[in-house]
Amino acid sequence: ARRSELSPQMPFREAAARVLRVGFEALRAAESIARLGEDDEGVHRMRVATRRLRAAFRIFAPAFGPKRLDTAKRLFGQTGRALGPVRDLDVMLVRLPALSLDLPEQLAAELPPLLDLLVALREEQRRRMLVRLTSRSRLRAMERFESFLSRLEQRYGIGASPDAGARRPRRRRGSGDQPTGEVALELLHAAARRVFKKGDRVGKHSAAETLHELRIAVKRLRYTADALEDVAPRDLVLWIKQTAALLQGLLGSGLKD
């Protein structure tokens, strides 16, 4: 996988362009596999790439004007909703056969019809997924997002040869051109505070929804750390990754995506 290669003095909007480009290319690579349907990991990887892109929109929203990324958020939100049912059924189809080893013989005998039903449901959800992925409206939205990224990259000379003489924008206070290193720590602290806030609500008999909210907060913290790893304090990033791994073990497999 490509890295974004950020630096502390890099304008925050340039960092956004680099992170979004890496995420977008990861999604497109996974989509080619997901459409073929020969490897279940294609849908899984595409879903993860979609989540990381949506996380990147939250991270880098301050680098742009109000609602500037709303269209892109809707695009990848709709994509994620199309992928979700297929991925959930893939997971069930993998895990259910193993249950027969722990069930009474009479109940285990009822699993094959259930598996047949899930296979049929998966095929229907996969058909709906492909209709959404190949729709004209989505393909046009993907083209517009590609154009948006290309304009950002051109502005900051990303991908240009060193002697191309790309004009870098003048830094303005309060704009997305403030150094990424100055913003990174604040963003990580804010994401960590959300985890602690959700964690404070967890008790011995917490509802599943409360635990789910904590899982989401931890995911977003981890995605923030991944995006800003090059410009964040190394010890803090290490703590975040260790904490995420620990909570993953405590809360279940919901963090793996």
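Hi everyone, let's start with one helix. Helix H2, residues 41-60, has 20 residues and reaches 28 Å from its first C-alpha to its last. That is close to the 28 Å expected at 1.5 Å a residue. And where does H2 sit? Of its 20 residues, 14 are buried, so H2 is largely enclosed by the rest of the structure.

Before I go on, please keep in mind that this is a predicted model.

Now let's step back to the whole chain. How many helices and strands does the chain have? There are nine helices and zero strands. If you walk along from the N terminus, the elements simply read α-α-α-α-α-α-α-α-α. The C-alpha atoms fill a box of roughly 75 × 45 × 30 Å, taken along the principal axes. The chain has 257 residues, and 41% of them count as buried. Here is another way to look at the fold: take the contacts in the chain with a separation of 6 or more, and 70% of them come from residues 24 or more positions apart.

Next, let's look at how some helices pack. My first pair is H1, residues 12-36, and H5, residues 111-133. Their axes are 10 Å apart, and the packing angle is about 135°. H1 and H5 are therefore oblique to each other, and their crossing is left-handed. Who meets whom? On the H1 side we have Glu31, Ala34, Arg35 and Leu36, and on the H5 side Arg126, Met129, Leu130 and Leu133. Sorted by class, the residues of this contact are five nonpolar, no polar and three charged.

My second pair is H7, residues 180-200, and H9, residues 234-251. Here the angle is about 25° and the axes are 12 Å apart. That angle makes H7 roughly parallel to H9. The crossing of H7 with H9 is left-handed. From H7, the contact uses Leu185, Leu188, His189, Val195 and Phe196, while H9 brings Leu236, Trp239, Ile240 and Leu247. By class, that gives eight nonpolar residues, one polar and no charged ones.

Let me finish with a single residue, Glu153, which you can find in helix H6, residues 136-155. Is Glu153 buried or exposed? Its relative accessible area is 13%, and buried means under 20%, so Glu153 is buried. And what does Glu153 touch? Leaving out residues up to four places away in sequence, Glu153 touches Arg21 and Ile158. Try finding those on the structure above. Thanks for listening!

Note on methods
Residues are numbered from 1 along each chain as its sequence is written. This is a predicted model: local features need pLDDT of at least 70, side-chain atom pairs count only at pLDDT 80 or more; totals for chains, interfaces and linings use all residues. Side-chain values use heavy atoms; hydrogens and water are left out. Axes are lines fitted to C-alpha atoms, for helices over the stretch in contact, and angles run from 0 to 180 degrees between N-to-C directions. Helices (H or I, at least four residues) and strands (E, at least two) are DSSP runs, numbered from the N terminus. Angles under 35 degrees count as roughly parallel, over 145 as roughly antiparallel, 65 to 115 as roughly perpendicular and the rest as oblique. A crossing is left-handed if the near helix is turned anticlockwise from the far one by less than a right angle, and right-handed if clockwise. Contact means heavy atoms within 4.5 Å. Ala, Val, Leu, Ile, Met, Phe, Trp, Tyr, Cys and Pro count as nonpolar, Asp, Glu, Lys and Arg as charged, and the others, Gly among them, as polar. The expected span of a helix is 1.5 Å times one less than its number of residues. Buried means under 20% relative accessible area, exposed over 50%, partly exposed in between (1.4 Å probe, protein chains only).
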